[in-house]
Amino acid sequence: MSFSPDDFRLRATDLDDQDTLFPFRERFHIPQHNGSDVAYFCGNSLGLQPKSTAYLFEQELRDWAKYGVEGHFQAESPWFSYHKQFAKPLGAIVGALPEEVVAMNTLTVNLQLLMMTFYRPTQDRFKILMEAGAFPSDQYAIETLVRLMGYEPENAIIEVAPRESESTLRTEDIIAQIEAAGSELSLILFGGVQYYTGQFFDLPALTQAAHKVGALAGFDLAHAVGNVPLQLHDWDVDFACWCSYKYLNSGPGGVGGAYIHERFANNEKMPRLAGWWGQRERDRFQMRKGFIPEPGAQGWQLSNAPVFNMVAHRASLDLFDKAGMNALRAKSLIMTAFLEEMLHAIPEKAFQILTPSDPQARGCQLSLLYAHSGKETFDRITDNGIIADWREPNVIRVAPVPMYNTFMDCVRLAEALNGSIA
Ligand SMILES: Cc1ncc(COP(=O)(O)O)c(C=O)c1O
């Protein structure tokens, strides 16, 4: 195989011409480099800004100026119920009933809150199974939680690692460890898409295996939400949480999200750490003693909606609603495969692709593991207007995002990695 930029450019032009999602790119601000659009491959870290965000932000500023506290009910999108508008579009993205999801807090806060509900260790059943090398926030959350509950991480946490000389996990190996932990296993807490390798785990199979031994299944969907198709309700997933600043384009530190299966969400006896915004809405302002949760995931809210932090979420979810996850995934599969083909065609490359080659076992991201000169390559492509991200010790992650990337962006990236001018 050889790298022929002209052929790839011709194919990219055709693919961009045929792309029915192409107009969505116009709805985003594309960062600039020397007066031209960068080729942005960092939606796995921070998604781009929808242009409508500024207008919606100004509207909230206007409503605040105009109404003061009355804006809670008088604003165009009343702040009292601002969070509620997200339940339906988020439900469509993660495959859940609207009442099973809520936009609130940030990812790690939601993870801690949900773990307080779902990790109820007993003397016999106290273990948590997770992937080795999980995102550090998850590692720290679980490590400190098990200590808080009176256990030692060495005894309570089981980490599943890839086989020697392999870089991703085999589903059968994860399931074997779930079965081995058996009646000692309290829950599994896995990423949906692994942040470093880009592997999309088989969430229904893991959930089923966990349930079979009487454990619960929860997922950190930071790299999965808005990236891969999810059917949390049908897969019988117990709980999940995510952030919105990656594929959901909702701005740095944007509001997080949580999913709780209805069998728990509507059970007012479920243990939780509560705040007034989770109190049953009809008597929330009675200021009475005694917590009675609002049914659904909303019953896990602590505080009133951070409206300014939710404005970009509104702008972005509107675009997801219009584009649809099915169309986004269909384009994503073609685009990542196109990029992968070009990367394979680069001769004498210093990298190998860590991400599974099976399209069903990955989202849009490809992780390039460098044997040498990875950081130099990363700096060189950045100087050429290509925004990717570097993960220590030796990985460049690139994510062609179907909502705003073009096939020609992918050619620019491949040419730059091939050593030609970007
Ligand atoms: C997989 C994963 N989990 C957790 C986090 C932490 O998110 P936050 O800082 O929003 O709590 C991140 C952040 O990138 C992440 O990628």
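**Exercise 1.** Determine in which hand α1 passes α14, and describe how the two helices pack.

*Solution.* In this predicted model, α1 passes α14 in a right-handed crossing, meaning that the near helix is turned clockwise from the far one by less than a right angle. Helices here are DSSP runs (H or I, at least four residues), numbered from the N terminus. The next step is the geometry: α1 (residues 5–18) and α14 (residues 407–417) pack at an angle of about 160°, with their axes 8 Å apart, where axes are lines fitted to C-alpha atoms over the stretch in contact and angles run from 0 to 180 degrees between N-to-C directions. The two helices are therefore roughly antiparallel to each other (angles over 145 degrees). Finally, the contact (heavy atoms within 4.5 Å) involves P5, F8, R9, A12, T13, L15 and D16 of α1 together with F407, M408, V411 and E415 of α14.

Residues are numbered from 1 along each chain as its sequence is written. Because the model is predicted, local features need pLDDT of at least 70 and side-chain atom pairs count only at pLDDT 80 or more, while totals for chains, interfaces and linings use all residues; side-chain values use heavy atoms, with hydrogens and water left out.

**Exercise 2.** Identify the side chains whose N or O atoms approach an oxygen atom of the ligand.

*Solution.* Begin with the residues around the ligand (a heavy atom within 4 Å), which are L107, T108, F135, D138, D220, A222, H223, Y245 and K246. Then take the polar contacts (pairs of N or O atoms within 3.5 Å): an oxygen atom of the ligand is 2.6 Å from an N or O atom in the side chain of Y245, and an oxygen atom of the ligand is 2.8 Å from such an atom in the side chain of K246.

Key
Angles under 35 degrees count as roughly parallel, over 145 as roughly antiparallel, 65 to 115 as roughly perpendicular and the rest as oblique. A polar contact is a pair of N or O atoms within 3.5 Å; within protein, one must be able to donate a hydrogen and the other to accept it, and residues adjacent in sequence count only if both atoms are side-chain atoms.
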